[in-house]
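This text leads you through one protein chain, one part at a time. Keep the sequence and the 3D view open as you read.

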Amino acid sequence: MQGLSSDARGIAVGRELLVLFPTLDWLVSFLGAYSDEASLDDLVPTMTLEHVRRQGGGHAILLRCAAADGYAVDRLARLSSATRGQLYTGVASVFVRWRQRDAPFGYDLATPLAAPAEEVLVVDVDVSASYRTIDRMDPVELIQRLQLRPVPLPLTGIAADPELCGLKELALALVAPGLAARTLAYLWRLEVPMAGYYVELDGDQRPSLLLRLRNPRGRVLDVLAGTPGIELLAPVSARAAVEIGFAHPIQPASASACFPGEEMFLFRGKVGRVERLDAAPRFIDGRHLVQNTGASRLREVTQLREAELDPLRVDLKLRPSAHPREPRGTLISWDQADLLRHLVYLIPPSALAASRLIPLEEGVVVLTGSAVGARSAAAAAGLGAGAIVPLGRRLGAVAPGVLVVDGYELWPRVRPSLMRQLLGLGPEDHALFLSPTADPIRVRPEQLLPLDAALIGRLSLGEATVRAPDEAAPAPGEVDNEKLGRFALWGFGGFSGVSSAPALPEGNDDGPGPGPGQ
């Protein structure tokens, strides 16, 4: 067959491919499946779509495109068979069936065939058919006008999973003209990062507001999605956005060739329209879109009336709380002090060095560590004996240097820096709330004793006595130089208890060996 050749694997491949679909819906399914695996930009430039009539009766959709290598054609065959399509290869107006399991290298015509004028001849294993073109379709226009498919949203709202709706990092909101001012005021009051501009849509007398929201909160998205007149759109490519609750049949990100130029496409699912903006949106920062409607002027405060605030002031007090806190210290009664001495041997050196001890009438307070006046990283991190010793009652920190007994909290809750200011604490002072009925205790930095120095006693060292030697000093030594033989490593007789080799006869320095007559 003319136009049919074999590739590197020996498979018969024509210059063109033809895919036959029974209906338009199956063609759309094929394009959607192909866009999930590959880019439609490789297929669209050479693709043509035709609505044809079969010679014996019936209609079909023909997709024609240029053939690539055998691997790419195999992918087309797999996807087309999954979407009720049939793949053929050939050139001009005659096509034969693509290879199957029974024919791994493809098919060829046994006898030459010619298609009728203005018709396409499709030859299968046991049948052939002719198709005449009725209408031609533009693939780009078809993809742009495809109807969106509804998809379910999370039952608990968009706030439960914004990433599922494609709105985690960026969201677009199309606001009706009558709601633009109120929507801007609502988003500005919540300090939502936004930008927008007004667009004129077909059929609308007043321009609508298109907003761009970056990293929107889930609650804000739920409010916007539930407001009539506001449509949330998820960006799916650089020049396309789809309304949430709907999905495009194909992946627009893999079909950039279908959105040519600088136009922006907004796919609206509820109204069933595709809005084509003439150019890419030029968003303006949201602070320039909000108007200040306040007519009053600010006046300067001349004098504060401090005396009138006295009836409003309240005292800090302890109240029960179930909020768990990391232990920063412990209060040990005096009857358990002996147990603390025994537990010192089990405390790691770093924790022991970071701990401080405060002897009080109520007991012994062991501080684990504090960010106030910390001398080491272990003390600042709270790595001390107070978190390890299983004695006494735990103390938790409600502010830097302010500790309360476990199970209580200071009420009302104020910021940590203000709490230290209200208690009148110095830069390295600590405050201990040991009981709801007792007054708090101020501990100054000089009253904090190192735990290791407070619990470990001193050792008494004895004086060393120096004794003069009784024996006399040894006499000066003498050095004897003796001639070494050939085997010097045998040593000398009588030296340090090492046996020596037998003496050699005089006048013979050649070493041991057989004498005369031996």
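Start with Arg356, whose bridge partner in strand β23 is Leu367. The model shown here is a predicted one. Strand β22 covers residues 356–359 and strand β23 covers residues 364–367, and these two strands pair in the antiparallel sense over four bridges. Strands of a sheet pair through backbone hydrogen bonds, and the pairing can be parallel or antiparallel. β22 and β23 make up a hairpin, with four residues between them. In the turn of this hairpin, Gly363 has a positive phi of about 150 degrees.

Strand β22 has a further partner. It also pairs with strand β29, residues 449–450, again in the antiparallel sense, over two bridges. Here Leu357 of β22 has Leu449 in β29 as its bridge partner.

Now step back to the whole chain. DSSP runs give 10 helices and 29 strands. The chain has 518 residues, of which 37% count as buried. Take the contacts between residues at least 6 apart in sequence: 66% of them join residues at least 24 apart.

Which strands make up the closed barrel? There are seven, and they run in the order β3-β5-β4-β9-β8-β7-β6, with mixed pairing. From one strand to the next, the twist averages 35 degrees. In the written order, β3 and β6 stand at the two ends. Strand β3 (residues 16–21) and strand β6 (residues 86–91) are joined by five bridges and run antiparallel. Within this pair, Glu16 stands opposite Gly90 in β6.

Two helices lie across strands of this barrel. Helix α1, residues 24–37, lies across β3, β4 (48–54), β5 (59–66) and β9 (128–137). The angle between α1 and β5 is about 30 degrees. Helix α2, residues 70–82, lies across β3 and β6, and runs at about 145 degrees to β6. Strand β3 is thus found in the list for α1 and in the list for α2.

Two other barrel strands, β7 (94–97) and β8 (119–123), have a loop between them, and Gly106 is found in that loop. Is Gly106 buried or partly exposed? Its relative accessibility is 21%, so Gly106 counts as partly exposed; the cut-off for buried is under 20%. Gly106 and Thr89 are 17 residues apart along the chain, and their C-alpha atoms are separated by 9.4 Å.

Ser208 gives a case on the other side of that cut-off. This residue is found in strand β13, which covers residues 208–214. Ser208 has a relative accessible area of 4%, and therefore it is buried. Which residues does Ser208 touch, not counting those up to four places away in sequence? They are Leu174, Val175, Pro177, Tyr197, Tyr198, Val199 and Leu201.

The last stop is a space inside the protein. How many cavities of 30 Å³ or more are there? The count comes to one, and the volume of this largest cavity is about 30 Å³. Its lining consists of His323, Arg325, Gly396, Val404, Val405, Asp406, Gly407 and Tyr408. Sorted by class, the lining has three nonpolar, three polar and two charged residues.

Terms used. Residues numbered from 1 in each chain as written. Predicted model: local features only at pLDDT ≥ 70, side-chain atom pairs only at ≥ 80, totals over all residues. Heavy atoms only, no water. 1 Å grid on protein atoms, 1.4 Å probe; cavity = no way out; pocket = protein on both sides within 12 Å on 5 of 7 lines; lining within 4 Å. Points joined across faces, edges and corners; volume = space filled by probe spheres on them. Nonpolar A, V, L, I, M, F, W, Y, C, P; charged D, E, K, R; others polar. Pairing = 2+ DSSP bridges. Axes fitted to C-alpha atoms, helices over the stretch in contact; angles between N-to-C directions. Contact = heavy atoms within 4.5 Å. Buried < 20%, exposed > 50% of the residue type's maximum accessible area, 1.4 Å probe, protein only.
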